[in-house]
Amino acid sequence: MAEERRGAWFGFGFCGFGQALGSGRGRQVHSPEPLRAPGAGLDVCRVSASWSYTAFVTRERPPSGAIPTPALGACPAPSPASSPPPAGGGGQVELSGFAVGAVGGCRDAWASEELLVVLRAGPGPGAGTELQAWAPGSALRGEPLWAQTVPEAEREDGPGGDETQAGPLPLLPCARAYVSPRPPFYRPLAPTLRARRLELGAEHALLLDAAGQVFSWGGGRHGQLGHGTLEAEPEPRLLQALQGLTMAEVAAGGWHSLCVSEAGDIYIWGWNESGQLALPTKSVAEDGKTTSEASGLNEDGSEVKRVAGGEDGAPTPFIAVQPFPALLDLPLGSDAVKASCGSRHTAVVTRTGELYTWGWGKYGQLGHKDTTSLDRPCRVKYFVDKQLQLHLRPAVPSSPLPARLSFSLQGMRPSQISSLSTLTLAFI
């Protein structure tokens, strides 16, 4: 059997706080570059990026010739009930950038500017899993701001019931609660939701349930909830516009949302200020020119601005807010398999293993060797030029990247992509 090839992380975008990204030269990386590993002999099985720092979840690399490690998404998966994890078991979390520090015994980590959330093995057999919330500047020393023991996933009642396949943080392993960067940190979910994945935007939340239905709640002033209005929703509400369609993925940006159906179709909605919906936007088109504009609403409720200066002299329509899910076609009719949203940019991987990005590009976070913003999907040519293709592998429990992507390069372990406001990270 051929020895398994090891993958590598790549990053592009803003790195002004010294966070481990690319070559480390300057404050921006405009094209994918290999990520600096946090330590020799370690595998990075997850990267969670915030604005000013990055959190790595690592594990020890097995010796040459050893039995191959589990797929990247299982780093490290909870042990069976008959064999509880040892005290302090799991990987290590290391911070790079404005926040520094390290802590062991970790299963997962989720970085935000307000809070660093760490999921750690309990202190002993049968102790469960401990959720800890830290101030990013604490260097993971002393006591966490808040800690709570959380249950593992529960088996569904009834014949043939399966264990809930809960996604990564911020959704907790029990799939009946999630963690928020703002108090209250621990927020329960109704058991009837049967959550499979949960994504948090700046003011809203998206939930994908076991049946492939999408729910949203929170702030809606930019149409990011997808219910056709700009009103807030205090509780999870089913997206009626997507009923009858089975969704496989959800992703939440700062104020926009996206989901991918099992058939590979992309539906996207919310704020389009920087072209993150891949719809025509004024900020990209006018290129600094002074224009006169008029506003109105389409029949579907989307907010439209018309700016004089089209090729035929007629006003050019721009979409500012799209409050209903809109079907998005990728170039060449490509099908999507995974998606991720930054604050104002979007990344999608296709079934043929290509990466497309669009939206806000001021810091090079689109990976196109410049700082141009785009209101249309554009393929990241670096991976094409290097003959690197990303291929989806079967999902595993406790996949370690929240709201982000899990892919694999053919012949290598699963890879991932994480999009932040000004940063994109990829493992291929």
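In what order do the 4 strands of the open sheet come? The legends below start there, and every view shows a predicted model.

**View 1. An open sheet of 4 strands.** The order across the sheet is β22-β23-β24-β25, with antiparallel pairing. At the edges sit β22 (336-341) and β25 (374-379), each pairing on one side only. From one strand to the next, the twist averages 15°. As general background, strands of a sheet pair through backbone hydrogen bonds, either parallel or antiparallel.

**View 2. Zooming in on β24 and β25.** Here β24 (residues 355-359) and β25 run antiparallel, joined by 3 bridges. One pair to look for is Y356 with its bridge partner in β25, R379. For the wider stretch, the UniProt record (an unreviewed entry) lists "repeat: RCC" at residues 212-263, 264-352 and 353-380. Over residues 353-380 the chain is 39% strand and 0% helix, and its end C-alpha atoms are 11 Å apart.

**View 3. The largest nonpolar core.** This core has 18 residues, and L258, I266, V348 and W358 are the ones that touch the most other members. At least two core residues come from each of β17 (256-261), β18 (266-271), β22, β24 and β25. The top contributor is β22, which gives 3 residues. Apart from this core lies another one, of 15 residues, with C45, A99, A111 and L116 among them. In soluble globular proteins, nonpolar side chains tend to be buried together.

**View 4. What V348 touches.** Leaving out residues up to four places away in sequence, V348 has contacts that include L258, I266 and W358. Those three are also named with V348 as touching the most other members of the core. Not every neighbour of V348 has a nonpolar side chain: K338 and E354 are on its contact list too.

**View 5. H222, a loop residue.** Look for H222 in the loop between β14 (214-218) and β15 (233-238). Is H222 buried or exposed? H222 counts as buried because its relative accessibility is 14%, and the cut-off for buried is under 20%. Around it, setting aside residues up to four places away in sequence, H222 touches L230, W255, G270, W271 and V321.

**View 6. R141, another loop residue.** R141 sits in the loop between β8 (129-134) and β9 (146-150). With a relative accessible area of 65%, R141 is exposed. Put G101 in the frame as well: R141 and G101 are 40 residues apart in sequence, and their C-alpha atoms are 7.8 Å apart in space.

Key: Residues numbered from 1 in each chain as written. Predicted model: local features only at pLDDT ≥ 70, side-chain atom pairs only at ≥ 80, totals over all residues. Heavy atoms only, no water. UniProt positions renumbered as here; feature names shortened; annotations may be inferred. Buried < 20%, exposed > 50% of the residue type's maximum accessible area, 1.4 Å probe, protein only. Contact = heavy atoms within 4.5 Å. Pairing = 2+ DSSP bridges. Axes fitted to C-alpha atoms, helices over the stretch in contact; angles between N-to-C directions. Core = buried A, V, L, I, M, F, W, Y, C linked by side-chain atoms within 4.5 Å.
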